[in-house]
Amino acid sequence: MFRKPVSRRDMLRLAGASGVGLLLGGSGAFGIMAATGATKQPASDKPGSPDNVTTGIPDANRYDFYGQHQSGITTPSQNFMCFASFDLTVSDAAGLKSLLQAWTRASASLMAGELLDGQNENLNLPPADTGEAAGLTPSRITITFGAGPSLFDHRFGLAGKKPAGFGDLPPFNGDNLMPEWCGGDLGVQICADDMQVAFHGMRNLIRIARGSAVLRWSQEGFQRSTESDPNKATPRNLMGFKDGTANPSVQDAAMMNEVVWVQPEDGAGWMTGGSYMAVRRIRMRIEVWDRSSLSDQENTFGRYRVSGAPLGSQHEFDRGDMEAKDASGKPVIPMNSHMRVARGDGKMQILRRPYSYSSGMDNTTGQLDAGLFFISYQRSLEKQFIPMQQRLAQIDALNEYIQHIGSATFACFPGVRQGGYIGDTLL
Ligand code: HEM
């Protein structure tokens with residue numbers, strides 16, 4: 001039987017699937033596709049091939065991969081998230097660069113809703129794309145990359161470029177961190193309105209990384225889907241409360257420069273336009289919470305459960321009267337309520353972008369392993385996240401019902417310019 005000769009392109013496809021691709025250099029493993037407009041991928045004329053034509057995808061369904069900032073930070077939250085932390089197995093900067101270039105090509109295609117490297121026509125090779133997203137729209141997929149503190153150790157010659165003040169988070173009161181949920185050389189957050197699309201993205205990045213990086217830990221997350229909420233209201237967390245109300249507005253560019261995007265004067269020039277990500281895997285003691293009274297629950301957050309309004313106020317987006325006292329002279333918004341303690345004097349804000357998680361049953365306790373996969377973005381971990389979490393760890397009433405079991409930080413690179421690659425300002 002006639003066998004098609006294996007071309008260089010085929011070799012690269014094979015390499016992408018088996019992990020030797022990076023030995024062959026960074027070019028060609030995945031074609032760079034335009035990330036804008038309704039790009040078409042030619043459909044295969046082979047009988048039985050999946051339909052890969054992505055015609056007519058509304059732009060509202062697709063974000064550009066290239067731009068000043070990475071997507072997935074100020075992007076309105078999608079319904080689902082796949083997060084993965086990687087440890088590098090390459091030992092030099094050239095290996096790291098090849099991986100980031102291969103991930104760049106793949107990410108540009110994934111965000112355009114295209115299968116990686118088009119159709120696989122060669123029966124002798126594994127498919128270039130795992131295929132489960134064939135025929136699906138991009139579903140607003142975003143892919144966000146960051147460098148963990150360990151990337152700046154001796155291995156890649158980057159120690160001198162580590163931003164001042166960037167590192168693992170310090171221990172906080174009440175932490176119960178498990179090493180299997182902490183750290184990583186590189187962090188990747190993929191969000192999409194369809195779980196299969198998000199999973200497909202992560203699976204293919206993992207596949208491309210074979211031979212260069214291994215998974216350290218991963219977590220999937222969800223929130224209510226926008227389809228199931230006709231009012232597009234603030235999503236609720238697994239404690240039943242609206243979560244995200246007091247976030248700074250992502251529409252306000254000046255505010256985002258103030259709170260989220262690293263500015264030239266912040267040092268580490270390669271991070272300008274990027275953002276620091278704090279990740280905490282926070283388990284909820286759901287069974288205990290479910291037995292607490294409504295009034296205890298509302299006092300814990302300082303907000304009404306149904307409306308989301310601050311206690312003593314009418315509407316969800318009211319700021320709340322921190323001076324108000326009840327008939328007995330006690331503050332209406334309790335001093336140890338989560339909202340009050342998190343806000344502090346209100347001068348330092350962060351952009352929260354969390355997802356709920358549920359990882360089945362904890363076999364040791366028979367209880368649900370579920371909670372909040374907390375992600376926030378900020379210009380400075382030292383000035384914003386850390387003091388806030390120090391306050392919360394001391395007195396937050398919520399601590400009775402939660403436990404922080406995972407922790408990581410990532411310096412999320414600025415956006416990629418056309419022709420560039422993820423992390424090129426660092427490397
Ligand atoms: C399982 C853990 C957590 C849950 C369930 C939770 C839930 C909530 C809820 C329901 C609100 C009120 C509505 C809103 O403004 O979004 C809130 C506010 C807030 N949370 Fe959390 N949160 C958690 C952890 C954290 C952590 C770790 C931080 C940061 C260190 C944080 C920072 C904030 C901030 C800054 C606010 C707004 C405060 C204000 O009104 O100005 N939260 N959170």
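The following exchange asks how several labels attached to this predicted model are justified.

User: What makes Cys-82 a cysteine that is in no disulfide?

Analyst: A disulfide requires a pair of cysteine sulfur atoms within 2.5 Å, and the nearest cysteine sulfur to that of Cys-82, belonging to Cys-191, is 8.7 Å away. Cys-82 therefore fails the distance criterion, and the structure as a whole holds zero disulfides.

User: Why is Cys-82 called buried, and on what value does Cys-412 receive its label?

Analyst: Buried means under 20% relative accessible area. Cys-82 has a relative accessible area of 4%, so the label buried applies to it. Cys-412 has a relative accessible area of 0%, and it is therefore buried by the cut-off of 20%. For the protein chain of 427 residues, 53% count as buried.

User: How do you know that His-338 is a donor of the iron atom of the ligand?

Analyst: An N, O or S atom counts as a donor of a metal such as this one when it lies within 2.8 Å, and the NE2 atom of His-338 is at 2.1 Å from the iron atom, so it qualifies. His-338 is the only protein donor of that iron, although water is not among the atoms, so the site may look incomplete. His-338 lies in helix α7, and it is also one of the residues nearest the centre of the largest cavity, together with Asp-243, Met-339, Ala-342 and Arg-352.

User: What makes the space by His-338 a cavity, and what is known of its lining?

Analyst: The space is called a cavity because a 1.4 Å probe fits there but cannot get out, with the protein atoms alone taken into account. The volume of this largest cavity is about 780 Å³, and a search of the whole structure finds four cavities of 30 Å³ or more. Its lining consists of 37 residues, which divide into 18 nonpolar, 11 polar and eight charged. At least two lining residues come from each of β5 (275-284), α7 (338-343), β8 (367-378), α8 (381-395) and β9 (402-412).

User: Why is the space of about 760 Å³ called a pocket?

Analyst: The term pocket is used because the set of points is open, with protein on both sides within 12 Å along at least five of seven lines. The largest pocket has a volume of about 760 Å³, and among the 32 residues that line it, Pro-76, Ser-77, Pro-235, Gly-244 and Asn-247 are the closest to its centre. The strands β6 (351-352) and β7 (355-362) each supply at least two residues of this lining, which divides into 12 nonpolar, 12 polar and eight charged.

User: What makes Arg-140 and Lys-232 fall under opposite labels, buried or exposed?

Analyst: The cut-offs are under 20% relative accessible area for buried and over 50% for exposed. Arg-140, with a relative accessible area of 13%, is therefore buried, whereas Lys-232, at 53% relative accessibility, counts as exposed. Arg-140 lies in the loop between α2 (93-111) and β2 (142-147), and its phi is near 60 degrees, a positive value in a residue other than glycine. Lys-232 lies in the loop between β4 (213-222) and α4, and its phi, near 50 degrees, is likewise positive in a residue other than glycine.

Key. Residues are numbered from 1 along each chain as its sequence is written. This is a predicted model: local features need pLDDT of at least 70, side-chain atom pairs count only at pLDDT 80 or more; totals for chains, interfaces and linings use all residues. Side-chain values use heavy atoms; hydrogens and water are left out. On a 1 Å grid over the protein atoms alone, a cavity is a set of points where a 1.4 Å probe fits but cannot get out, and a pocket is an open set with protein on both sides within 12 Å along at least five of seven lines; lining residues have an atom within 4 Å of a point. Grid points are joined across faces, edges and corners, and a volume is the space filled by probe spheres set on the points. Helices (H or I, at least four residues) and strands (E, at least two) are DSSP runs, numbered from the N terminus. Ala, Val, Leu, Ile, Met, Phe, Trp, Tyr, Cys and Pro count as nonpolar, Asp, Glu, Lys and Arg as charged, and the others, Gly among them, as polar. Buried means under 20% relative accessible area, exposed over 50%, partly exposed in between (1.4 Å probe, protein chains only). Donors are N, O and S atoms within 2.8 Å of the metal (3.2 Å for Na, K and Ca); water is not among the atoms, so sites may look incomplete.
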